[in-house]
Amino acid sequence: MEVFYYLVFGTMTTVVAVLELSKTNKDRINTSSSFNSFKNNYLLVFSIMMAGDWLQGPYVYYLYSTYGFGKGDIGQLFIAGFGSSMLFGTIVGSLADKQGRKRACVTYCIVYILSCVTKHSPQYRVLMVGRILGGIATSLLFSAFESWLIAEHNKRNFEQQWLSLTFSKAVFLGNGLVAILSGLFGNLLVDTFSFGPVAPFDAAACFLAIGMAIILATWSENFGDPSDSKDLLTQFKVAAIAIASDEKIALLGAIQSLFEASMYTFVFLWTPALSPNDEEIPHGFVFATFMLASMLGSSLAARLMSRSSLRVENYMQIVFLVSAASLLLPITTSVLVTPSKVKDERLSLTSSIQLLGFCVFEACVGIFWPSIMKMRSQYIPEEARSTIMNFFRVPLNIFVCIVLYNVINLIGGDDFQNIGLSHELLLHDFHQNLKEKK
């Protein structure tokens, strides 16, 4: 593997370590012991939930292929997952406001465990049911837990600024460190212990069961609007009226959908961008580097949000501009440098520049997540929080389904298995490359 990959990975690791270890009192938020206990409990549960999600990612495509399914069938399974998240997930996620956020989080665990169980069957219909269940679980993961956290934080009368600390740590751990460790653990189960491609799903089910037990034992219930007079349709209308009547909520939804749309586009196409002539690239190692960049961004976000005088809306404008510039790099480099049509095993100058640009984008993603969480906590009304958050995901899931439907034609069917599909990203190569280095 190219030395450049190790250089970027090592540099990113050093920067993250320096950022975390060099925090001063100005960068830290003074909190109470009761809040720290509350925060640590949530971070433990959220990290376990994310581990259950990340463990499955690297082996979804591989498992389907071992059952003998082709790229077309596998593509339909992936589309079904996003479509389920858009249709059924929006309904189930919205029930959290009325039926309880804790109950919704427990439902996430149960539904995702059932999805893991379906992976033992080679029957296409059973696997399709698993993808539909997984789509529902994804909607709950990205709405119910955050809704419970915000409501519980406010119910306990903690300082509003302390929420940003929980948000940044959740992204740092859940979308960074846990992702990398999950990939290594999954690789250990499949390659080292030879338990087979279903083993990570069984491990994920165990993690989800442990997390569910902690939720049942330590979390209290909270609601949005528990009124018996509001059925689900009325609840949808209330959420729609809130979005239509408050420009800030509508704009927040547009901001979230547009940024996540660019993120998914990047996720689909970073592989062909770095290997235009089908060069071999260490997907898992590159992905681990991206996760480190995301951790770097979340660490920066923690420092930014700790300053009460600095509004999230102000620095996020810069983040969006930097993100756009970094994603323009493939276009800029292709204009300035004539792309080679010859397959070269060495990393080209163009690909090296693009890799650095993509790391910058991932750092922006790391800043985006805790920052958008803080903005949602400020602008979305409590009584319909989960419902509105799931409304925000509808246009995103439509976009993902459309792009995913056409992605094989865009980049060629042979590359489909190397594309990161949401969380279905290739992590196990990272551990494999480390072993080869030794």
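Notes on the model

1. A residue counts as buried when its relative accessible area is under 20%, as exposed when that value is over 50%, and as partly exposed in between. Tyrosine 64 comes in at 0%, so this residue is buried. Keep in mind throughout that this is a predicted model.

2. Now the overall picture. The fold has 17 helices and 0 strands. Of the 438 residues in the protein, 56% are buried. Among contacts with a separation of 6 or more, 88% are between residues 24 or more positions apart. About 18,300 Å² of the protein is exposed, and 64% of that area comes from carbon and sulfur atoms.

3. Back to tyrosine 64, which has an aromatic partner. Searching the whole structure turns up 28 aromatic pairs. One of them joins phenylalanine 35 and phenylalanine 158, edge-to-face, with 5.3 Å from centre to centre and 75° between the planes. Phenylalanine 35 sits in helix α2 (residues 33-54), while phenylalanine 158 is in the loop between α7 (144-155) and α8 (162-192), so this pair ties together parts 123 residues apart in sequence. Phenylalanine 35 and phenylalanine 158 are both buried. The tyrosine 64 pair is with phenylalanine 78: the ring centres are 6.3 Å apart and the planes meet at 65°, so this one is edge-to-face too. Here the link runs from helix α3 (residues 60-66), which holds tyrosine 64, to helix α4 (residues 71-99), which holds phenylalanine 78, and the two residues are 14 apart. Phenylalanine 78 has a relative accessibility of 0%, so this partner is buried.

4. Have a look at the aromatic cluster as well. Phe35 and Phe158 turn up again in one cluster, along with Phe38, Tyr42, Phe46, Tyr108, Tyr112, Phe145, Trp148, Trp162 and Trp219.

5. On to charges. Side chains of opposite charge can pair when their charged atoms come close. The structure holds 9 salt bridges. Arginine 101 takes part in a bridge with aspartate 97, at 2.9 Å from N to O, and in another with glutamate 382, at 2.7 Å from N to O. The second bridge links distant parts of the chain: arginine 101 is in helix α5 (residues 101-118), glutamate 382 is in the loop between α15 (349-379) and α16 (385-411), and 281 residues separate them.

6. How buried or exposed are these charged residues? Aspartate 97 has a relative accessible area of 0%, so this residue is buried. Arginine 101 is buried as well, because its relative accessibility is 0%. Glutamate 382, at 22%, is partly exposed.

7. A further bridge joins arginine 156 to glutamate 152, with the closest N and O atoms 3.2 Å apart. Arginine 156 is partly exposed because its relative accessible area is 37%, whereas glutamate 152, at 2%, is buried. Elsewhere, salt bridges with shared partners connect Asp97, Arg101, Glu382 and Arg385 into one network.

8. Which residues does alanine 239 touch, leaving aside neighbours within four places in sequence? The contacts are Ala384, Thr387, Ile388 and Phe391. Alanine 239 belongs to helix α10 (residues 232-245), and its relative accessible area of 0% makes this residue buried. The C-alpha atoms of alanine 239 and proline 381 are 9.0 Å apart, although those positions lie 142 residues apart along the chain.

9. Helix α6 makes a handy geometry check. This helix has 18 residues (124-141), so at 1.5 Å a residue the expected span is 26 Å, and the 25 Å between its end C-alpha atoms agrees. Its buried residues include Leu127, Gly130, Arg131, Leu133 and Gly134. Further along, Gly135, Ile136, Ala137, Ser139, Leu140 and Leu141 are buried too.

10. Last, the cysteines. How many disulfides does a search of the whole structure find? The count is 0. For cysteine 206, the closest cysteine sulfur belongs to cysteine 116 and is 9.3 Å away, so the gap is too far for a bond. With a relative accessible area of 49%, cysteine 206 is partly exposed. Cysteine 359, on the other hand, is buried, because its relative accessibility is 5%.

Definitions and conventions. Residues numbered from 1 in each chain as written. Predicted model: local features only at pLDDT ≥ 70, side-chain atom pairs only at ≥ 80, totals over all residues. Heavy atoms only, no water. Helix = DSSP H or I, 4+ residues; strand = E, 2+ residues; numbered from the N terminus. Expected span 1.5 Å × (residues − 1). Buried < 20%, exposed > 50% of the residue type's maximum accessible area, 1.4 Å probe, protein only. Contact = heavy atoms within 4.5 Å. Salt bridge = Lys/Arg side-chain N within 4 Å of Asp/Glu carboxyl O. Disulfide = S-S within 2.5 Å. Areas by Shrake-Rupley, 256 points an atom, 1.4 Å probe, with all protein chains shown as cover. Phe/Tyr/Trp six-rings, centres within 6.5 Å; stacked < 30°, edge-to-face > 60°.
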